[in-house]
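Reader: I would like a close look at the part of this model where the two chains meet. Please take me through it slowly, with whatever surrounding detail helps me to place it.

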Amino acid sequence: MKTQNQKGWLFVLPVLILVAFNALIPLMTVVNYSVQETFGNNLFFWQGLDWFEQVLRSERFHGALGRQAMFTGIILAVEIPLGVAIALAMPRSGPWVSVCLVLMALPLLIPWNVVGAMWNIFTLPDIGLAGYTLNTVLGIDYDMTQSPFAAWATIITMDVWHWTSLVVLLAYAGIISIPDAYYQAAKIDGASSWAVFRHIQLPKMKRVLTIAVLLRFMDSFNIYTEPFVLTGGGPGNSTTLLSIDLVKTALGQFDLGPAAAMSLIYFAVTLLVSWLFYTIMMRDEE
Amino acid sequence: MKLRALVPIIYILFLMLPIYWLVAMSLKTTNEILGGFSLFPQKWTLESYRTIFTDPSWYWGYINSIAYVSLNTVISLAAALPAAYAFSRYTFLGDKHLFFWLLTNRMAPAAVFALPFFQLYSSVGIFDTYLAVALAHCLFNIPLAVWILEGFMSGVPKELDETAYVDGYSFPAFFIKIFVPTIKAGIGVAAFFCFMFSWVELLLAKTLTAVAAKPIAAVMTKTSSSAGFELGLLAAAGVLTIIPGAIVIYFVRNYIAKGFALGRV
């Protein structure tokens, strides 16, 4: 049982100060911009909720949001089942476990722009391993600077390459926490391997999988560097995801008001989806 | 049964392919790269690596990155340790809300914060310092560190604390001499994740630095755009960014899987 003790606040104070400094002040700056118009020189005019209305109605925002939702949907649909399948197929003990884990975790530790650059080099149509194989060996016309489909296929393959290991690590952590007795009981009952998965492994993995889905949702929804380095949002606008569009508006065109309004809507969408998912998944616990 | 063993192997091969290509590219001469496709380097050269290790604008990028990543790991852990202790041992007014609010900071898109961060850190006069990047990365690393450490601390029975008080330890002495060594595995895992997320992040690191504290990742983007087609050099720089992560992961390999399993949320 935990002690009721307001001293807890004292312990949390450093974290509170650091995070508040980093989160609240910038957030207030964004809110401030989102309701004002500026022509530079530190001159600001009250604008009310006009920017929000403008962003919510603009087709550009709808397009970026739609592409973002599609991207996040696809990578979740691929990475979560794939990660679970790989985790299930991994050895539970022995010397190979460490080797597998180290090699699998490697992509997670590569700086994001290096991931983009690496995939760029990998997929160059004439001299990249993947690009050359597709174009010359297999005879498939592949050039992601020309075809939106190729660009999409590449950024999704890249994200699967980059992040599936996180799902594997989490799912694996869930699987190895299941006591052997459960499997023995299932064996005595003559349970099929599907039944073992459905009634023993999946429930035990529920918590870590919730974390995996949440982390992948948040991180993929905020993705910027990798697709920016790889495709620059192109060809055309076809891979301009939310963050890329936002940076274009804020730093490229310096439209601070609309960019700030867009930021807040973006943040709110992320929060809402995460909260809904978390609440639904945790409903039957406690 | 054999088929099952193949799954991780195929997956790892898929993971290694682009990495192999990067390493192969870094060992080729520029002429060979531009000359056409070749699966293995025909003429091995370490020229790209030599350039990086002799040119200060390159190797300082690595030093800068390692400096702010280490600083961030230290700050994150120092702040997260007492907070995680409080969450695992005490209930206090608003603790659950505070915990969830901390986690929401991980959801903030870095692109949203880039410009306000630039203004904030310029106005307090620490723009282009290691401290600026290290503090900015606390935004997403502290919540993660608190979460992981809290999981490990909750696994330590409360009797440990009580016995130490009976033995006459003051709280700080108990915390440093007894409690911290007990959860050193958890601290290792938390440090690993702080290192990882600070090391791979570029958008904020690039926004908050100009010259003095410029990270290696930013040096790379600049070189690739200004010097045109120096793929070999870019590849070599990329290979070198993988190495620190690989070293760190080797040390914590037995704990990574455990770290998340124990966390609550």
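Author: Let me start from a single residue and work outward. With 19 C-beta neighbours inside 10 Å, B:Ile187 counts as partly exposed, because a residue is called buried when 20 or more such neighbours lie within that distance. This is a predicted model, so that classification, like every value below, is computed from predicted coordinates. B:Ile187 belongs to helix α10 of chain B, which covers residues 184–200, and its C-alpha atom lies 33 Å from that of B:Ala5, a residue 182 positions away in sequence.

The chain around B:Ile187 is built from 14 helices and one strand, and of the 265 residues in chain B, 46% are buried. Measured out along its principal axes, the C-alpha trace of chain B spans about 75 × 60 × 30 Å. Among the contacts in chain B with a separation of 6 or more, 79% join residues that are 24 or more positions apart.Turning to the part you asked about, the contact between the chains takes 77 residues from chain B and 74 residues from chain A. On the side of chain B that touches chain A, helix α1 of chain B (residues 2–26) gives the most, with 12 residues, and the residues on that side divide into 60 nonpolar, 11 polar and six charged.

One piece of this meeting is made by strands: β1 of chain A (residues 3–4) and β1 of chain B (residues 90–91) are joined by two bridges and run parallel. Within this pair, A:Gln4 has B:Thr91 in β1(B) as its bridge partner.

Another piece is made by helices. Helix α1 of chain A (residues 8–34) and helix α7 of chain B (residues 130–154) have axes that come within 9 Å and cross at roughly 135°, which makes α1(A) oblique to α7(B), and the crossing of α1(A) past α7(B) is left-handed. From α1(A) the contact draws on A:Val15, A:Leu18, A:Val19, A:Asn22 and A:Ala23, while from α7(B) it draws on B:Leu135, B:Ala136, B:Cys138, B:Leu139, B:Ile142 and B:Val146. Sorted by class, this contact of α1(A) with α7(B) has 10 nonpolar residues, one polar residue and no charged ones.

For the surrounding detail, a helix pair inside chain A can be set beside that crossing. Helix α9 of chain A (residues 193–221) packs with helix α12 of chain A (residues 256–281) at an angle of about 175°, their axes being 11 Å apart, and this angle makes α9(A) roughly antiparallel to α12(A). Here A:Thr210, A:Val213, A:Leu214, A:Phe217, A:Met218 and A:Phe221 of α9(A) meet A:Thr270, A:Val273, A:Ser274, A:Phe277, A:Tyr278 and A:Met281 of α12(A). By class, the contact of α9(A) with α12(A) has nine nonpolar residues, three polar residues and no charged ones.

Helix α9 of chain A also holds A:Val208, which counts as buried because it has 24 C-beta neighbours inside 10 Å. The C-alpha atom of A:Val208 is separated by 6.2 Å from that of A:Gly174, although the two residues are 34 residues apart along the chain.

Terms used
Residues numbered from 1 in each chain as written. Chains lettered and ligands numbered in written order. Predicted model: local features only at pLDDT ≥ 70, side-chain atom pairs only at ≥ 80, totals over all residues. Axes fitted to C-alpha atoms, helices over the stretch in contact; angles between N-to-C directions. Helix = DSSP H or I, 4+ residues; strand = E, 2+ residues; numbered from the N terminus. Parallel < 35°, antiparallel > 145°, perpendicular 65-115°, else oblique. Contact = placed C-beta atoms within 7 Å. Nonpolar A, V, L, I, M, F, W, Y, C, P; charged D, E, K, R; others polar. Buried ≥ 20, exposed ≤ 12 C-beta atoms within 10 Å, placed from the backbone. Pairing = 2+ DSSP bridges. Left-handed = near helix turned anticlockwise from the far one by under 90°.
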